[in-house]
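These are my notebook entries on a single protein chain. I set down what I looked up, in the order in which I looked it up.

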Amino acid sequence: MGRVAALGERTRVAGLALAGVTVVAAEEPDAVREAWRALPPGTELVILTPAAADALGPGPLEGVRPLTVVMP
């Protein structure tokens with residue numbers, strides 16, 4: 001599998017770095033959208049915090065790649 005990234009508030013995603021996940025901390029909606037556009041090439045799965053998913057809206061989450069999952 002390709003690269004896995006986690007995107008959202010630092011306090012929610014930081015621990016995933018211990019599992020080898022690329023952590024992209026973004027606190028504000030504009031920062032989340034910018035971070036989404038700048039995801040590293042080869043990213044195949046993005047773990048989003050609920051706030052990050054809300055900031056992105058449904059568009060990016062409906063695509064085929066990268067796959068996305070929203071934390072509970």
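Before reading the sheet, I fix one term: two strands count as paired if DSSP finds at least two bridges between them. I also note that the model is predicted.

**Entry 1: the sheet**

I asked in what order the strands of the sheet lie. I find that 4 strands form an open sheet, ordered β2-β1-β3-β4, with parallel pairing. The edges are taken by β2 (22-25) and β4 (67-70), each of which pairs on one side only. I looked up the turn between neighbouring strands of this sheet, and on average it is 20°, direction ignored.

**Entry 2: the helix on the sheet**

I then looked for a helix packed on the sheet. Helix α2, residues 29-37, does so and touches β1, β2, β3 (43-48) and β4. The direction of α2 makes about 165° with that of β1.

**Entry 3: strand pairs**

I went through the pairs of strands in turn. For β1 and β2, I count 4 bridges in the parallel sense. Within this pair, Thr-22 of β2 is the bridge partner of Ala-5, and Gly-8 stands opposite Ala-25 of β2.

For β1 and β3, the pairing is again parallel, over 5 bridges. Ala-5 has Val-46 as its bridge partner in β3. I note that Ala-5 thus has a partner in β2, Thr-22, as well as the one in β3, Val-46. Arg-3 is matched in β3 by Thr-43.

For β3 and β4, I find a parallel run joined by 4 bridges. Leu-45 stands opposite Leu-67 of β4 here.

I also checked how far β1 is enclosed. Of its 6 residues, 5 are buried, so β1 is largely enclosed by the rest of the structure.

**Entry 4: Glu-9**

I moved to the residue that follows the strand β1 (3-8). Glu-9 sits in the loop between β1 and α1 (10-13). Is Glu-9 in a salt bridge, or without one? Glu-9 is buried yet has no salt bridge. The nearest side chain of opposite charge is that of Arg-12, 4.9 Å away. The cut-off for a salt bridge is a side-chain nitrogen of Lys or Arg within 4 Å of a carboxyl oxygen of Asp or Glu, so a distance of 4.9 Å does not qualify.

I listed the contacts of Glu-9, leaving out residues up to four places away in sequence. Glu-9 touches Ala-26, Glu-27, Thr-49, Ala-51 and Ala-52.

**Entry 5: the salt bridge in α2**

I next asked how many salt bridges the structure holds. The count is 1. The side chains that meet in a salt bridge are those of Asp-30 and Arg-33, at 2.5 Å, N to O. Side chains of opposite charge can pair when their charged atoms come close. Both Asp-30 and Arg-33 lie in helix α2, 3 residues apart, which is about one turn of the helix.

I looked up the exposure of the two partners. Asp-30 has a relative accessible area of 55% and is exposed. Arg-33 counts as partly exposed, at 30% relative accessibility.

**Entry 6: Arg-37**

I stayed with helix α2, where Arg-37 has its place. Is Arg-37 buried or exposed? Arg-37 is exposed, with a relative accessible area of 63%. I also took its separation from Thr-22: the two are 15 residues apart in sequence, and C-alpha to C-alpha they are 15 Å apart in space.

**Entry 7: the whole chain**

I closed with the overall description. The protein has 4 helices and 4 strands. Its elements run β-α-β-α-β-α-α-β from the N terminus on. The radius of gyration is 11 Å, close to the 11 Å that the globule rule gives for 72 residues, so the protein is as compact as a globular protein of that length. Taken along the principal axes, the C-alpha atoms fill a box of roughly 25 × 25 × 25 Å.

I record that 36% of the 72 residues count as buried. Among contacts between residues at least 6 apart in sequence, 42% join residues at least 24 apart.

Methods: Residues are numbered from 1 along each chain as its sequence is written. This is a predicted model: local features need pLDDT of at least 70, side-chain atom pairs count only at pLDDT 80 or more; totals for chains, interfaces and linings use all residues. Side-chain values use heavy atoms; hydrogens and water are left out. Helices (H or I, at least four residues) and strands (E, at least two) are DSSP runs, numbered from the N terminus. Buried means under 20% relative accessible area, exposed over 50%, partly exposed in between (1.4 Å probe, protein chains only). Lys and Arg count as positive and Asp and Glu as negative; His and the chain ends are not counted. Contact means heavy atoms within 4.5 Å. Axes are lines fitted to C-alpha atoms, for helices over the stretch in contact, and angles run from 0 to 180 degrees between N-to-C directions. The radius of gyration is taken over C-alpha atoms; the globule rule is 2.2 Å times the number of residues to the power 0.38.
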